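Which parts of a chain are enclosed, and which parts that lie apart in sequence are brought together? The paragraphs below take up these topics one after another.

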Amino acid sequence: MGHFGDFQHEIYADDGEGLPISYDGLEQAAKAAMTPQSFAFVAGAAGTERTARANLSAFDRWRLVPRVLRDVSERDLSTTLFGTPMAAPVLLAPVGLNSIVHDDAESAPAAAAAALGLVHVVSTASTTPLEKIASAEPEGRRWFQLYWPRTDELAKSLVTRAERAGYQAIVLTVDTCAVSWRPRDLAYRNLPFHTGQGIGNYLTDPVFRAGLAEPPESSEDALRAAIGEWSRQFGNPTLTFADLARLKSWTSLPVVVKGICHAEDARAVLDAGADGIIVSNHGGRQVDGARAALDCLPDVVAAVSGRVPVLFDSGIRCGADILVALALGASAVLVGRHWVYGLGVGGRRGVEHAMRCLLAEFDLMLALSGYARPAQLDRTSVVRES
């Protein structure tokens, strides 16, 4: 049986000039391939981008402590979360607006994830409707990420559509009641939603369409009206922990709450019925000056105390980072910009390449650290250094 790490042999055997291998290489290649506005949207973060930088520097404070002379000849990275089997504890994080990165938009990460046996978390803000993504890759493993709109009927409709289309979990993002202050996008006067990108799930939703005024005279007027209604709907600052019970009543799917950084919030969402938690600060894209997500992870894991799985995102750049997050208590990690840069460089091939590189490095670092399965990692696998 092969291992993800075997991918390095394919790379060494490639006589041609292949795709970039490292995160930094993918980022630079994507910058060259994408428009300046699109790259700024993907790469940018809130305010001075201190939080995005803190997410990276937090990993520098942790060091793996390799173990030796332990049989790692047969490794198994697979796991199951919320009833969803996956080839590795690495998910494609929800990232909207894929259409500004590549013409293949959401179909590319869906196909790449299906080929690798990974979970693709599809964003509410996809340009491609969720049903079309599901039908294009019927064997794929998909969760649906929900930005709860201001109208509950619309939120319920989106969740119902996702369950009907075969999605296996709902990921409720709770750190985005509004779009943050993002200087890179503001400098370009660029919010792609205002051109109709990223609203495919709204345009195809019966509740959303019913809320529009009488059909306008032209298609341009229709799109303008839809964008206006999207602007009114996006972001719901009225939500509280109590609203989780209503979401749970709308679906039989597990509900995973994404955007938790405080131990008290973790306890509160569990008491409200959440089936899982994702520790995340949205990759630094929401609160400037916030604590690094990795620094929040141990406190949340301790607060949860094994009641539900805790996942993690924000700042993963390499295989060693995955090991650190898992050692600190995460059941799995989500990566975003990593695969989006692959999308920008080469569509589906780029996404698959980026993820295969990351999985290969993870597999090899796991073995070289003395572990055959991710579940063997624990707090003794790492040490914090000043």
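A residue counts as buried when its relative accessible area is under 20%, and as exposed when that area is over 50%, with partly exposed in between. The model discussed here is a predicted one. By this cut-off Tyr341 is buried, because its relative accessibility is 0%. Phe39 has 8% relative accessibility and therefore also counts as buried.

These two residues form one of the aromatic pairs of the structure, which holds eleven of them. A pair of aromatic rings is described by the distance of the centres and the angle of the planes. For Phe39 and Tyr341 the centres are 5.9 Å apart and the planes stand at 25 degrees, so the pair is stacked. The two rings come from distant parts of the chain: Phe39 belongs to helix H3 (residues 36–43), Tyr341 belongs to helix H16 (residues 337–368), and 302 residues separate them.

Helix H3 deserves a further look. How many of the eight residues of H3 are buried? Six are, so the helix is largely enclosed by the rest of the structure. The buried residues of H3 are Ser38, Phe39, Ala40, Phe41, Val42 and Ala43. They pack against helix H2 (23–33), helix H8 (183–187) and H16. Phe41 has a charged partner as well: the charged end of Arg285 sits over the Phe41 ring, at 5.1 Å from the ring centre. In the loop between H3 and helix H4 (50–60) lies Glu49. Glu49 has a phi near 65 degrees, a positive value in a residue that is not glycine. With a relative accessible area of 15%, Glu49 is buried.

A positive phi is also found at Ala105, where the angle is near 45 degrees, again in a residue other than glycine. Ala105 is placed in the loop between strand S4 (90–92) and helix H5 (107–116). Its relative accessible area is 5%, so Ala105 counts as buried.

Another aromatic pair joins Phe144 and Tyr167. Their ring centres are 6.0 Å apart and their planes make an angle of 80 degrees, an edge-to-face arrangement. Phe144 is part of strand S6 (residues 141–146), while Tyr167 is in the loop between helix H7 (152–164) and strand S7 (170–173), so the pair ties together parts that lie 23 residues apart in sequence. Phe144 is buried at 0% relative accessibility, and Tyr167 is buried with a relative accessible area of 2%. Elsewhere, one aromatic cluster is formed by Tyr147, Phe193, Trp230 and Phe234.

The next topic is helix packing. Two packed helices are described by the angle between their axes and the distance between the axes. Helix H13 (residues 263–271) packs with helix H14 (residues 293–304) at about 35 degrees, and the axes are 8 Å apart. Their crossing is right-handed. On the H13 side the contact is made by Ala263, Ala266, Arg267 and Leu270, and on the H14 side by Asp299, Val300, Ala303 and Val304. By type, six of these contact residues are nonpolar, none is polar and two are charged.

Some loops also meet parts of the chain that are remote in sequence. Ser369 is found in the loop between H16 and strand S12 (382–384). Although their positions lie 302 residues apart in sequence, Ser369 and Arg67 are 5.4 Å apart in space, C-alpha to C-alpha. Which residues is Ser369 in contact with, leaving aside its neighbours within four places in sequence? They are Leu64, Pro66, Arg67 and Leu323. Ser369 is buried, with a relative accessible area of 6%.

Ser78 gives a second case of this kind. Ser78 lies in the loop between strand S1 (62–64) and strand S2 (79–81). Its partner across the sequence is Pro374, 296 residues apart from Ser78 but 8.4 Å from it in space, C-alpha to C-alpha. Not counting residues up to four places away in sequence, Ser78 touches Met86, Ala87 and Ala88. Is Ser78 buried or partly exposed? Its relative accessible area is 40%, so Ser78 is partly exposed.

One more charge over a ring completes the description. The charged end of Arg70 sits over the ring of Tyr371, 5.0 Å from the ring centre.

Terms used:
Residues are numbered from 1 along each chain as its sequence is written. This is a predicted model: local features need pLDDT of at least 70, side-chain atom pairs count only at pLDDT 80 or more; totals for chains, interfaces and linings use all residues. Side-chain values use heavy atoms; hydrogens and water are left out. Axes are lines fitted to C-alpha atoms, for helices over the stretch in contact, and angles run from 0 to 180 degrees between N-to-C directions. Helices (H or I, at least four residues) and strands (E, at least two) are DSSP runs, numbered from the N terminus. A crossing is left-handed if the near helix is turned anticlockwise from the far one by less than a right angle, and right-handed if clockwise. Contact means heavy atoms within 4.5 Å. Ala, Val, Leu, Ile, Met, Phe, Trp, Tyr, Cys and Pro count as nonpolar, Asp, Glu, Lys and Arg as charged, and the others, Gly among them, as polar. Rings of Phe, Tyr and Trp (its six-membered ring) pair if their centres lie within 6.5 Å; planes under 30 degrees apart count as stacked, over 60 as edge-to-face and the rest as tilted. Buried means under 20% relative accessible area, exposed over 50%, partly exposed in between (1.4 Å probe, protein chains only). A charge sits over a ring if NZ of Lys or CZ of Arg is within 6 Å of the ring centre and within 35 degrees of the ring normal.
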